[in-house]
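Reader: I'm more at home with pipettes than with ribbons. Could you walk me through how to read this one?

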Amino acid sequence: MFHSITLCLDMKGCPNRCRHCWMGWGPNGDIPEEDLAAAAADFAPFAESLELHDWDREPDYSDRYRERWELCRRLSGPRPHPPHFELASVWRLVRDGSYAPWLAGMGVEAVQLTLFGGEEITDWYTGRKGAYREILRAIEILLQNGIAPRIQAFASKRNLSELSQVEALMETLDLDRRCREIGREFACFVHQGSCDGKNMAFYDEWVTPEDLEQIPDRLAAGTLKHFQAKTLLDVFGQTEGELCRQLLADGSTASYVSDDPVFFIDSGYDVYPNISTPSPLWRLGNWKRDGARAVLDAYAASRSPAQHARLTVPLNQMARSGGAPDSRRLFGREDYITLLLHRHCAASGALTH
Ligand code: SF4
């Protein structure tokens, strides 16, 4: 019996194909609404409390987002369903005039929006022409509805010089003042994301310590505040070389099994723990074919290839075979261990199974 289980069904997918997406580019499906109740009924007996979500990529992408929100709330419990995340669908914000008022009515005070620089590069990273202009319109719609836009920027060597355009936009739109006027505080931050899923393709362009000096002042200050950090290095982590040296001296293994697991269920009903990109490395089974009990048994026994590797292969072994001791790329320690795990499993052929 788990303390809690959170299920996130990728019922509708995502309108974007972001080049940095850690969730990957699975197909957009159309999971029938009745599967929410079926999943809740199947998993609930194994946890003291269940939390259900109808998305794991773009929130509220379905036209029936309100009904699904209510359904997820009703089917969750006995602990109360949490409030709406400070994540929303930009796609819907600019197409559905009743969406922002609905978010505001549910108490959403801020919504996170992602920029990479100016129009061209933001469209390129988001994988959709017009994405930048939609973000600009979404900012206005949010402010009109009393919701603060929170700007997230990603940094790699490719777009570092573009970050000044993000800062210029924040100033041009006077977001500090306008958020204050609606009783909110404007927040912004920059980070590199995890080297996972699609973002792994940017490994060669990954930020190194000297790149951090190029982060514009307002964005840097917002980053320190957002992460409650003293320096940008505290946010961006250590160099791969430093991490390799530490891990070469670390013979530990670990279990990813938690008493409060979160599971992604993709459009084909395959189930993955929320640790890294949903991929064959983390696949626990298929909910429709195998049922909740078998999926949870696989999780608890660390039977997905990546869980098994983390439980049985010492870090120093993974660092020896997959680490790059001369690399100055910056990673958080846990993100780097996940990257090593991916390299280890890929080398052992687990990705092709
Ligand atoms: S990063 Fe988010 S919005 Fe972009 S493709 Fe991935 S899930 Fe969709």
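We'll take the sheets, then a helix pair, then the ligand.

Author: One thing up front: this is a predicted model.

Reader: Fine. How do I read a sheet?

Author: Strands of a sheet pair through backbone hydrogen bonds, either parallel or antiparallel. Here, one open sheet has 3 strands in the order S3-S4-S5, and the pairing is parallel.

Reader: Which strands stand at the edges there?

Author: Strand S3 (110-115) and strand S5 (187-191). Each has a single partner strand, so one side of each has no neighbour in the sheet. From one strand to the next, the twist averages 20°.

Reader: How many bridges join S3 to S4?

Author: There are 6 bridges between S3 and strand S4 (residues 148-154). To find your place, look for Val-111: its bridge partner in S4 is Pro-149. Helix H6 (residues 131-144) packs on this sheet and touches S3 and S4, with its direction at about 165° to that of S3.

Reader: And what about the sheet with S7 in it?

Author: That open sheet has 5 strands, ordered S2-S1-S7-S8-S9, and its pairing is mixed. The edges are strand S2 (47-53) and strand S9 (285-286); each pairs with a single strand, so one side of each is left without a neighbour in the sheet.

Reader: Do S7 and S8 pair in the parallel or the antiparallel sense?

Author: Antiparallel: strand S7 (residues 262-265) and strand S8 (residues 270-273) share 3 bridges. Ile-265 stands opposite Val-271 in S8. Helix H1 (residues 34-43) lies across strand S1 (2-9), S2 and S7, and it runs at about 160° to S1.

Reader: Now helices. What describes a packed pair?

Author: Two things: the angle between the axes and the distance between the axes. Take helix H11 (residues 240-248) and helix H14 (residues 315-322), whose axes come within 8 Å and cross at roughly 135°. H11 and H14 are therefore oblique to each other, and their crossing is left-handed.

Reader: Which residues of H11 and H14 meet?

Author: From H11, Cys-244, Leu-247 and Leu-248; from H14, Leu-315, Asn-316, Ala-319 and Arg-320. By class, this contact has 5 nonpolar, 1 polar and 1 charged residues.

Reader: Last one: which residues are around the ligand?

Author: Look for Cys-14, Asn-16, Arg-17, Cys-18, Cys-21, Met-23, Arg-57 and Glu-58. Sorted by class, that shell has 4 nonpolar, 1 polar and 3 charged residues.

Note on methods. Residues are numbered from 1 along each chain as its sequence is written. This is a predicted model: local features need pLDDT of at least 70, side-chain atom pairs count only at pLDDT 80 or more; totals for chains, interfaces and linings use all residues. A residue is near a molecule or strand if its C-beta atom, placed from the backbone, lies within 6 Å of it. Ala, Val, Leu, Ile, Met, Phe, Trp, Tyr, Cys and Pro count as nonpolar, Asp, Glu, Lys and Arg as charged, and the others, Gly among them, as polar. Axes are lines fitted to C-alpha atoms, for helices over the stretch in contact, and angles run from 0 to 180 degrees between N-to-C directions. Helices (H or I, at least four residues) and strands (E, at least two) are DSSP runs, numbered from the N terminus. Angles under 35 degrees count as roughly parallel, over 145 as roughly antiparallel, 65 to 115 as roughly perpendicular and the rest as oblique. A crossing is left-handed if the near helix is turned anticlockwise from the far one by less than a right angle, and right-handed if clockwise. Two residues are in contact if their C-beta atoms, placed from the backbone, lie within 7 Å. Two strands pair if DSSP finds at least two bridges between them.
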